[in-house]
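Visitor: I am new to this structure and would like a close look at one part of it, with its surroundings explained step by step. Could you take me through that part slowly, and then show me how it sits in the rest of the chain?

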Amino acid sequence: MNCPRCNDVALDEKSLKDIDIDHCPECKGLWLDLREMDQLEDNAMNEDEKKGMMEYARRESNISCPKCHEVMETFNYRANDLPIDHCRNQHGYWLDEGEEKKILAVMKQRVQDLKRSSSAEESWSAFLESGGARSFLTKVKDLFTG
Ligand SMILES: [Zn+2]
Ligand SMILES: [Zn+2]
């Protein structure tokens with residue numbers, strides 16, 4: 001699979017624990033398939049948190065899917081000013097350099113919001129009991145250092 005930005009540069013696969021991520025050695029962008037994105041999110045928030053909050057301000061992207069080569073769609077991640085490109089045929093997500101760190105920061109912020117919100121107290125403790133916080137933070141650390 002080639003980088004959608006650099007075209008003839010092949011993506012490297014790098015493994016972060018149980019998540020395999022394709023990464024461009026040239027522009028440092030990241031390709032996550034849907035499952036990989038879910039795995040990251042599963043560690044950051046529960047089902048209620050995930051529902052209906054994912055995509056805002058959809059518009060046509062300026063890059064094409066590395067799998068099917070169709071023009072991708074850009075949206076703003078969770079209403080934050082953070083554009084992500086995704087394939088309309090559900091092949092995955094493209095994150096430019098640094099965007100994955102911002103996503104993780106957004107996820108982390110949501111976890112902190114949960115912690116502060118007393119109405120979400122139960123889901124927060126369920127999240128902690130599931131070991132979610134620990135593995136999520138491990139993945140954040142891996143992304144930052146890997
Ligand atoms: Zn690239
Ligand atoms: Zn595609």
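Guide: Leaving aside its neighbours within four places in sequence, Asp20 is in contact with Glu13, Ser15 and Glu36, where contact means that the C-beta atoms of two residues, placed from the backbone, lie within 7 Å. What you see is a predicted model, in which local features need a pLDDT of at least 70 and side-chain atom pairs count only at pLDDT 80 or more, while totals for chains, interfaces and linings use all residues. Residues are numbered from 1 along each chain as its sequence is written, and chains are lettered from A and ligands numbered from 1 in the order in which they are written.

Asp20 belongs to strand β2; strands (E, at least two residues) and helices (H or I, at least four) are DSSP runs, numbered from the N terminus. Asp20 counts as partly exposed because it has 14 C-beta neighbours inside 10 Å; a residue is buried with 20 or more other C-beta atoms within 10 Å of its own, exposed with 12 or fewer, and partly exposed in between, the C-beta atoms being placed from the backbone. Between the C-alpha atoms of Asp20 and Asp33, which are 13 residues apart along the chain, the separation is 9.1 Å.

Following the chain onward from there, the loop between β2 (19-23) and β3 (30-32) holds Lys28, a residue other than glycine whose phi is nevertheless positive, near 65°. Lys28 is partly exposed, since 14 other C-beta atoms lie within 10 Å. A similar backbone feature appears at Asn7, in the segment before β1 (12-16), where phi is near 60°, again a positive value outside glycine. Asn7, with 11 C-beta neighbours inside 10 Å, therefore counts as exposed.

The strand β3 leads into the interior. The largest nonpolar core has 18 residues, of which Leu30, Trp31, Leu32, Tyr93, Trp94, Leu95 and Ile103 touch the most other members; such a core is a set of buried Ala, Val, Leu, Ile, Met, Phe, Trp, Tyr and Cys residues joined through C-beta atoms within 7 Å. Two or more residues of this core come from each of β3, β5 (71-77), β7 (93-95) and α3 (99-116).

Among these core residues, Tyr93 offers a good place to pause. Apart from neighbours within four places in sequence, Tyr93 is in contact with Leu32, Met37, Ile84, Asp85 and His86. Tyr93, in β7, is also the bridge partner of His86. The strands β6 and β7 pair in the antiparallel sense over 2 bridges, pairing here requiring that DSSP find at least two bridges between the strands. Their hairpin has 6 residues between the strands, and in it Gln90 takes a positive phi near 60°. On the other side of this arrangement, 4 bridges join β5 to β6 (residues 83-86), and these two strands run antiparallel, with Thr74 standing opposite Asp85 of β6.

Just ahead of β5, in the loop between β4 (55-64) and β5, lies Cys65. Cys65 is buried, because 23 other C-beta atoms lie within 10 Å. Not counting residues up to four places away in sequence, Cys65 touches Pro4, Glu70, Met72, Cys87, Asn89 and His91. The C-alpha atoms of Cys65 and Trp94 are separated by 8.3 Å, although their positions lie 29 residues apart in the count along the chain. Within strand β4 you will find Arg58, which counts as exposed because it has 12 C-beta neighbours inside 10 Å. With residues within four places left aside, Arg58 is in contact with Glu73 and Phe75.

To place these details in the whole, the chain has 5 helices and 7 strands, and its elements run β-β-β-α-α-β-β-β-β-α-α-α from the N terminus on. Buried residues make up 27% of the 146 residues. Of the contacts between residues at least 6 apart in sequence, 45% join residues at least 24 apart. Confidence varies along the chain: pLDDT, the predictor's confidence in each residue from 0 to 100, averages 75, and 62% of the residues score at least 70. Among the elements, β7 has the highest mean pLDDT (89), whereas helix α4 (residues 121-129) has the lowest (55).
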